[in-house]
Amino acid sequence: MNPKGSTSKIKTIIVHEYLTKVKTKGFIIATILGPLLLLAVIFIPILVTMLGADSTERKIAIVDYTEKLGKEIVNSDTSKYFLTNYSPETLRKEVLSGKLDGYLVIPKDFLKRGEADVYTMGGGGIGFLNTLESNVREVARKERLREAGVDLSVINLVEEGVDINTQKITKEGTEKDYAEAYAVVGYVFGFIIYTLMLLYGSFVSRGVIEEKANRIIEVIASSARPFEIMMGKVIGIGCVGLTQVLFWVILSGVLLYLIAPMLGGMASDPEMLKTQMMNQNQNMVMPTSFEIPNISPWIFVAFIFYFLSGYFLYATLFAAVGSAVDQESDAQQLQMPIMLPIIIPILLVGYVISNPESTISVILSLFPLFTPILMMVRVAATPVPLWQIIASIVLMLGSFYGCVWMAARIYRVGILMYGKKPNLKDLFKWVRQSG
Amino acid sequence: MDILKVNSIVKRFGDFEAVSNVTFSVEQGTVFGLLGPNGAGKTTTIRMMTNILKPDEGEVSLFGEKVGSLQQNRIGYLPEERGLYKKIKVIDQLIYFGQLKGMSRSDAQSEARKWLKKLDAETWETKKIQELSKGMQQKVQFITTILHNPDLLILDEPFSGFDPINTEIIKKIISDLKSEGKTIILSTHIMEQVEQLCDHICLIDKGKMILSGMVREIKKNYGRDTILMEWDGDDLFLNEFSNIKYINRSNNRAEFRITDGLTPMLILQKASQKNNIYKFELAEPSLNEIFIDVVTKQGVDNES
């Protein structure tokens, strides 16, 4: 028999870990359904707002003592408003019986005093009131201008809306800037990295605990060095994560660069889209744009790098903790110090997205334990200076080296230690212990 | 030729010395019994032989070289605490462990099939471990130990969990491997098996080696002081002797060791006065006896 070196041992372990995981139903389902789930998480709230605003048709009666404005208001949305001569007493009964959602009383001196009362059963949401108020305000403003003797063409001029289109300056000239869209992209990528680091980290610790609890580790340790066993597992499971991420990146690439331009051609007239929207509901808050923002492929490269480096940094620590305990339920407490630096950046994402260039954001994103999430967010949200990106790469690689060194020393002792529940102090003692 | 040399190894865990100054060597083609009570330091010693742990002092050499990654491929180790991946198929599991010992995938596969067939377990190939009974799992575990045709086998309680039929099958495999020139280190608490299988033994207690040598020599040195007798009648005559250490005693049968000036002849004379003697045998003590004797004596020495 050919004696083989350690490279083939670690390769054997990597392949074993990879294939066992990739072949599971759970992995295949998660890989395919993951993007759908993510889309659902992002778009369901948007859809609910869009549909929700339109879903409750409200009937509002208008009692108009000015005998001018009421007609105009009804014209702004005939499905909602109608003029009436009923007495307030009758209308009150109608509202109470549910036939009517409310009634608006416009006093005779409304244009001067600018005050009118709307009577409803209460509730109805801010959206409803805002719509009503702006409908009334618009009509009133027009009327006031006309009374002041302003020419109709001038009034129309004033009424014309304003849109601020953000333009981004590049070397090639200017292009449309999608600051808000980029913020969302940053948040989504940061969140994916967060989820994957926790998920794959726990795969590693669970795998280590399984081997220890089932006493498989003793046989493996008599075949390979503890460092090879640990790194084989970490790399193998990392490759599983990479497979998943690459699948998603390629899928997004196909969507963004192949399918989106086709769709973009169809919906290239934003004005038309806008008019459609306006007809549905005049005061709906418009999404910034329906065009798909131009996401640089470099953002995907950064995503893959920060995911991988973050995973490796934490996975080794998860392996170390897993090796120290006898069963999964004991791992919780020891895992807290590792989970916290993964969770904290998610709490800071909001700040970093709003101020991606502030000194605090720069420092936070260069702190290696936070880098995977926060630097990812910044790279997506703003053009990060090259030196900061290089610094983050160097710092990540350095910390990875340190974590591997420390984790390997804990692992080596931990896998053979049964029966006692170690604490953090014990782990540090193991680090210092000699071979 | 000595295939394994353990040269005054010491292993400490903190202040606790688990193994202190243990030395022995194992000759090729023999079965070596590594014995000792629970917690004596056997597992730690085995872990140093398999390169799982490094000794703090001393050295283990295998096949003429200091033990390391390369030597590991030539060892098959069956730990006392068994374990396999619960959710992985039997064949995949065997292939993986074979590859970890440096086999190619295809070699591992064909060897795994060969052994499964030999142990009447071909039909388990695609089953997951969790679907197998305890005894079946033990068989699979045993195959992982010998799959890569190791020159040195280290078996810790190899028969635990096996029924008498399977125990015989495993014993047969062990003796076959021995006749092929493989070396076997056996660690067990069942002394009958040691007497049946082992050529040499080493007895460890509290990390120290307290007895070692060839089984035959050790028993011989202990002398023929054990009497096994059967008779017809009562056993009152035995009460006249005070220097007797009983191993077994009933109305018509007794096994005991004699000490301090008592001779077999004296007992035989006394017994034959009133009884018919069916059997009177002067034997070497069993290893079990020696084991208990040595370990308890050691305990007394330590306390005094």
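## Exercises on a predicted model

**Exercise 1.** Check whether the end-to-end distance of helix H6 (residues 164–179) of chain B agrees with a rise of 1.5 Å a residue.

Solution. This is a predicted model.
- Step 1: H6(B) holds 16 residues.
- Step 2: the expected span is 1.5 Å times one less than the number of residues, which gives 22 Å for H6(B).
- Step 3: the end C-alpha atoms of H6(B) lie 23 Å apart, so the two values agree.
- Step 4: past the end of H6(B), B:Gly181 has a positive phi of about 100°.

**Exercise 2.** Work out which strands of the open sheet in chain B stand at the edges.

Solution.
- Step 1: write the order of the six strands, E6-E7-E8-E3-E9-E10, in which the pairing is mixed.
- Step 2: strand E6 (75–78) and strand E10 (208–214) of chain B each have a single partner strand, so one side of each lacks a neighbour in the sheet and these two are the edges.
- Step 3: on average, neighbouring strands of this sheet are turned by 15° against each other, direction ignored.
- Step 4: at the E6 edge, four bridges pair E6(B) in the parallel sense with strand E7 (residues 152–156) of chain B. B:Gly76 has B:Leu153 in E7(B) as its bridge partner.

**Exercise 3.** Place helices H1 and H5 of chain B relative to the strands.

Solution.
- Step 1: helix H5 (residues 134–146) of chain B packs on the sheet and touches E6 and E7 of chain B. Its direction makes about 160° with that of E6(B).
- Step 2: helix H1 (residues 42–49) of chain B lies across E3, E7, E8 and E9 of chain B. H1(B) runs at about 155° to E7(B).

**Exercise 4.** Trace the pairing of strand E4 (residues 57–62) of chain B with E1 and with E5.

Solution.
- Step 1: E4(B) runs antiparallel to strand E1 (residues 2–13) of chain B, joined by five bridges. In one of the pairs, B:Val6 is matched with B:Val60.
- Step 2: two bridges pair E4(B) with strand E5 (residues 65–66) of chain B, also antiparallel. Here B:Leu62 is opposite B:Glu65.
- Step 3: E4(B) and E5(B) make a hairpin with two residues between them, and B:Phe63 in the turn has a positive phi of about 50°.

**Exercise 5.** Describe the side of chain B that touches chain A.

Solution.
- Step 1: the contact involves 25 residues of chain B and 22 residues of chain A.
- Step 2: helix H2 (69–72), E6 and helix H3 (90–100) of chain B each give two or more residues to this side. H3(B) gives the most, four residues.
- Step 3: by type, the residues on this side of chain B are 11 nonpolar, nine polar and five charged.

Conventions: Residues are numbered from 1 along each chain as its sequence is written. Chains are lettered from A and ligands numbered from 1 in the order in which they are written. This is a predicted model: local features need pLDDT of at least 70, side-chain atom pairs count only at pLDDT 80 or more; totals for chains, interfaces and linings use all residues. Two strands pair if DSSP finds at least two bridges between them. Axes are lines fitted to C-alpha atoms, for helices over the stretch in contact, and angles run from 0 to 180 degrees between N-to-C directions. Two residues are in contact if their C-beta atoms, placed from the backbone, lie within 7 Å. Ala, Val, Leu, Ile, Met, Phe, Trp, Tyr, Cys and Pro count as nonpolar, Asp, Glu, Lys and Arg as charged, and the others, Gly among them, as polar.
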